[in-house]
Amino acid sequence: MQIKDNSEKYGTISKFLHWGMALLILWQFLSAAAHYFFEDTTIEAFFWPTHKPLGVLLLLLMVLRLLWALVNHSNRPPSVGLLAKLGHMTLYLLVIATPTVALLRQYGSGRAFEAFGVPVFAGFEGEKIKWMLDLGSNFHGELGWVLLALIVGHIVMAYRHRKNPNTDVLPRMLK
Ligand code: HEM
Ligand code: HEM
């Protein structure tokens, strides 16, 4: 078993993080869509309760994944091109920024917050913190939908790159 990445392919930890998080992100968007399109239905009641805790977990996993990418930085399969590199960096940025602005809004509301039963922050008395509320309300959903669009583009490009053996990068994330 190859734990770390090398120039030919991604190692077990990178692959586990990539595919595991892809599944969790799929679930995260199902819950966002259920909230957006099916408010006050049983569909929302089923999916929505996981949205905040899973969002916190995704933020933690993405920070770990970023650290792991830095550890492997000089020893990873090379990007197909500059656009692919920038695209991957933007994916990192958005999976960190989207939950962060939501968490700031949550904190600014002054209400106590926990994820999976683990306290994240205690509430506070007094005025809500307006800039935090505004930041979350103005950007959380928007960043989330941009992330979804970028993920769709990422998947389309992964399959388009299969046509040319020089750019067929799927095996290095699978094998
Ligand atoms: C990677 C993590 C996350 C993603 C991709 C994500 C994505 C989304 C999306 C696409 C929406 C629908 C926006 C709309 O109604 O137009 C949404 C709504 C929402 N999310 Fe998240 N979210 C994440 C994490 C979180 C976290 C950590 C929290 C709270 C601690 C949170 C709280 C909310 C709330 C309260 C709404 C409904 C209100 C609103 O539209 O802002 N989300 N999220
Ligand atoms: C069916 C879904 C997906 C497919 C087929 C897919 C495919 C791939 C492939 C083939 C690579 C290797 C690219 C290369 O080495 O140049 C890759 C890397 C990457 N993918 Fe995906 N991907 C999927 C879902 C996602 C999702 C949901 C995200 C969201 C964050 C994501 C983020 C990344 C990132 C950041 C990289 C760079 C390597 C890393 O840091 O892990 N992918 N993906």
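Visitor: In this predicted model, is Y107 buried, partly exposed or exposed?

Guide: The relative accessible area of Y107 is 32%. Buried needs under 20%, and exposed needs over 50%. Y107 therefore falls in between, so the class is partly exposed.

Visitor: Which residue forms an aromatic pair with Y107, and is the pair stacked, tilted or edge-to-face?

Guide: The ring centres are 5.5 Å apart, with 50° between the planes. Stacked requires under 30 degrees and edge-to-face over 60. The partner is F124, and the pair is tilted.

Visitor: Which parts of the chain does the pair of Y107 and F124 tie together, and how many residues apart are they?

Guide: Y107 belongs to helix α4, residues 82–108. F124 sits in the loop between β2 (118–121) and α5 (130–160). The pair therefore joins helix α4 to that loop, and the separation in sequence is 17 residues.

Visitor: Is F124 buried, partly exposed or exposed?

Guide: F124 has a relative accessible area of 27%. The limits are under 20% for buried and over 50% for exposed. F124 is therefore partly exposed.

Visitor: How many aromatic pairs does the structure hold, and what is the geometry of F46 and F47?

Guide: The structure holds nine aromatic pairs. The rings of F46 and F47 have centres 5.0 Å apart and planes at 85°. An angle over 60 degrees counts as edge-to-face. The F46 and F47 pair is therefore edge-to-face.

Visitor: Which of F46 and F47 is buried, and which is exposed?

Guide: F46 has a relative accessible area of 57%. For F47 the value is 17%. With cut-offs of over 50% for exposed and under 20% for buried, F46 is exposed and F47 is buried.

Visitor: Which residues do ring pairs link into a cluster, and which of the closest residues to ligand 1 is among them?

Guide: The cluster holds F29, Y36, F37 and W145. The closest residues around ligand 1 are Q28, H51, R105, H140 and W145. The name found in both lists is W145.

Visitor: What is the distance from a polar side-chain atom of H140 to a nitrogen atom of ligand 1?

Guide: Ligand 1 has oxygen atoms facing two other side chains: R105 at 2.9 Å and W145 at 3.0 Å. H140 instead pairs with a nitrogen atom of ligand 1. That distance is 2.7 Å.

Visitor: Which elements give two or more residues to the shell around ligand 1?

Guide: The space taken by ligand 1 is the second largest pocket. In total, 21 residues surround ligand 1. The elements giving two or more of them are α1 (12–37), α3 (51–71), α4 and α5.

Visitor: Where is D40, a residue other than glycine with a positive phi, and is D40 buried or exposed?

Guide: Phi of D40 is near 60°. D40 lies in the loop between α1 and α2 (42–47). Its relative accessible area is 71%, so D40 is exposed.

Visitor: What is the phi of F116, and where is F116 found?

Guide: F116 is found in the loop between β1 (113–115) and β2. At 58% relative accessibility, F116 counts as exposed. F116 is not a glycine, yet its phi is positive, at about 50°.

Visitor: What separates the C-alpha atoms of N72 and N6?

Guide: N72 lies in the loop between α3 and α4. N72 is buried, with a relative accessible area of 1%. N6 is 66 residues away along the chain, and the C-alpha separation is 8.0 Å.

Key
Residues are numbered from 1 along each chain as its sequence is written. Chains are lettered from A and ligands numbered from 1 in the order in which they are written. This is a predicted model: local features need pLDDT of at least 70, side-chain atom pairs count only at pLDDT 80 or more; totals for chains, interfaces and linings use all residues. Side-chain values use heavy atoms; hydrogens and water are left out. Rings of Phe, Tyr and Trp (its six-membered ring) pair if their centres lie within 6.5 Å; planes under 30 degrees apart count as stacked, over 60 as edge-to-face and the rest as tilted. Buried means under 20% relative accessible area, exposed over 50%, partly exposed in between (1.4 Å probe, protein chains only). Helices (H or I, at least four residues) and strands (E, at least two) are DSSP runs, numbered from the N terminus. A residue is near a molecule or strand if one of its heavy atoms lies within 4 Å of it. A polar contact is a pair of N or O atoms within 3.5 Å; within protein, one must be able to donate a hydrogen and the other to accept it, and residues adjacent in sequence count only if both atoms are side-chain atoms. On a 1 Å grid over the protein atoms alone, a cavity is a set of points where a 1.4 Å probe fits but cannot get out, and a pocket is an open set with protein on both sides within 12 Å along at least five of seven lines; lining residues have an atom within 4 Å of a point. A molecule sits in a cavity or pocket if more than half of its atoms lie within 2 Å of its grid points.
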